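Q: I'm new to protein structures and don't know how to read one. Please walk me through this one, feature by feature.

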Amino acid sequence: MQNIAVIYHSAHGHTEHIARTIAASARSVAHTDVQLLQAEELATAPERLLPFDGYILGSPTYLGGVSAPVKAFMDATGPLWRSQQLRGRLAAGFTVSALPAGDKQSTLLSMFVFCMQHGMLWIGNPILPEQHLGVPYDEAANRLGSWSGLMAQAEKASTPDFFVPGDIRTATLFGRHFAETLQRLGSRGARAHSPEAAR
Ligand SMILES: Cc1cc2nc3c(=O)[nH]c(=O)nc-3n(C[C@H](O)[C@H](O)[C@H](O)COP(=O)(O)O)c2cc1C
């Protein structure tokens, strides 16, 4: 069994909706258990990360970066960084913002750097944008063209469960890809770690 934590903050429900979509898709992969964890709760108990084999981080993009609760969670993992206890585990990231670009890339980059400092293995979003295959733009997977992680757009006035079908499809493919990759590589990564290797 491989265990995945989907860690997220969401003030108005949009990021949570994508987190739940990713989690449901990852859970559909055999021998995979997925838990949704709020960044705010983990910030006070970062040791809760330890039982998991893989992490999918999610944040709304705020002013071109992760939101404050996600940053607080990241900063709370300092002791785990010092002992490199998360080394070798798989990680990926996703972000939701209002604008088509909206500087989402820098949010994903800050997640990537965080995971690299912990010695994790970054899993991207290898989905070819389907609009190039003739699929209507709003229905196309990876329509926003992000390979370093998942991007989704929530228009300013949209309800939390409103995303165009393409972004929901992207989240579904992204969650499945992460879980399948973890099935192939996970036990050799996460569980092979020894603290000595961190020195
Ligand atoms: C303080 C703040 C900063 C924001 N900065 C950006 C931004 O840089 N780019 C963008 O496209 N949207 C930005 N937004 C919009 C949010 O990313 C968007 O509303 C998102 O869907 C919120 O996710 P949530 O519903 O999970 O909280 C910002 C919103 C807030 C409140």
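Q: Let's begin with pairing: which residue of β4 is the bridge partner of Gly 54?
A: It's Leu 90. Strands are DSSP runs of E with at least two residues, helices are runs of H or I with at least four, and both are numbered from the N terminus. Two strands pair if DSSP finds at least two bridges between them. Before we go on, you should know that this is a predicted model: local features need pLDDT of at least 70, side-chain atom pairs count only at pLDDT 80 or more, and totals for chains, interfaces and linings use all residues. Residue numbers start from 1 along each chain as its sequence is written.

Q: How many bridges do β3 and β4 share?
A: Seven, and the two strands, with β4 spanning residues 90-97, pair in the parallel sense. Another match to look for is Ile 56, which stands opposite Ala 92 in β4.

Q: Which other strand is joined to β3?
A: That's β1, residues 2-8, which runs parallel to β3 and is joined to it by five bridges. Look for Ile 7: its bridge partner in β3 is Leu 57.

Q: And which strands besides β3 does β4 pair with?
A: There's β5 (residues 121-122), joined to β4 by two bridges and running parallel; here Ala 91 has Trp 122 as its bridge partner. Then there's β6 (residues 150-153), also parallel to β4, with four bridges. In that pair, Phe 94 is matched with Leu 150.

Q: What kind of unit do β4, α5 and β5 make?
A: They make a right-handed β-α-β unit, with α5 covering residues 104-117. To check the hand, point the strands away from you: the crossover is right-handed if the path from the first strand over the helix to the second runs clockwise.

Q: How do I tell a buried residue from an exposed one?
A: Count C-beta atoms, placed from the backbone: 20 or more others within 10 Å of a residue's own makes it buried, 12 or fewer exposed, and anything in between partly exposed. Try that on β3, residues 54-60: seven of its seven residues are buried. Gly 54, Ile 56, Gly 58 and Pro 60 sit on one side, with Tyr 55, Leu 57 and Ser 59 on the other, so to speak a strand covered on both faces. In β4, eight of eight residues are buried. Its two faces are both covered too, with Phe 94 among the buried residues on one side and Thr 95 among those on the other.

Q: Which residues of α3 are buried?
A: In α3 (residues 68-76) you'll find Pro 69, Val 70, Phe 73 and Met 74 buried. They share the same side of the helix because they cover an arc of only 145° around the axis, taken from the directions from the helix axis to the C-beta atoms. The general idea is that an α-helix has 3.6 residues a turn, so residues three or four places apart point the same way. The buried residues of α3 pack against β1, α2 (39-44), β3 and α5.

Q: Is Arg 143, in the loop between β5 and β6, buried or exposed?
A: Buried, because it has 26 C-beta neighbours inside 10 Å. Two residues are in contact if their C-beta atoms, placed from the backbone, lie within 7 Å. Setting aside neighbours within four places in sequence, Arg 143 touches Pro 129, Gln 131, Tyr 137 and Gly 166 in that sense.

Q: What is odd about phi at His 31?
A: Most residues other than glycine have a negative phi. His 31 isn't a glycine, yet its phi is positive, about 60°. You'll find His 31 in the loop between α1 and β2 (32-38), and it counts as exposed because it has 10 C-beta neighbours inside 10 Å. Asp 103 also has a positive phi, near 65°. Asp 103 lies in the loop between β4 and α5 and is partly exposed, with 14 other C-beta atoms within 10 Å.

Q: Last one: which residues come nearest to the ligand?
A: Of the 19 residues around the ligand, the nearest are His 12, Thr 15, Pro 60, Ser 97 and Gly 102. A residue is near if its C-beta atom, placed from the backbone, lies within 6 Å. The helix α1 gives the most to this shell, three residues.
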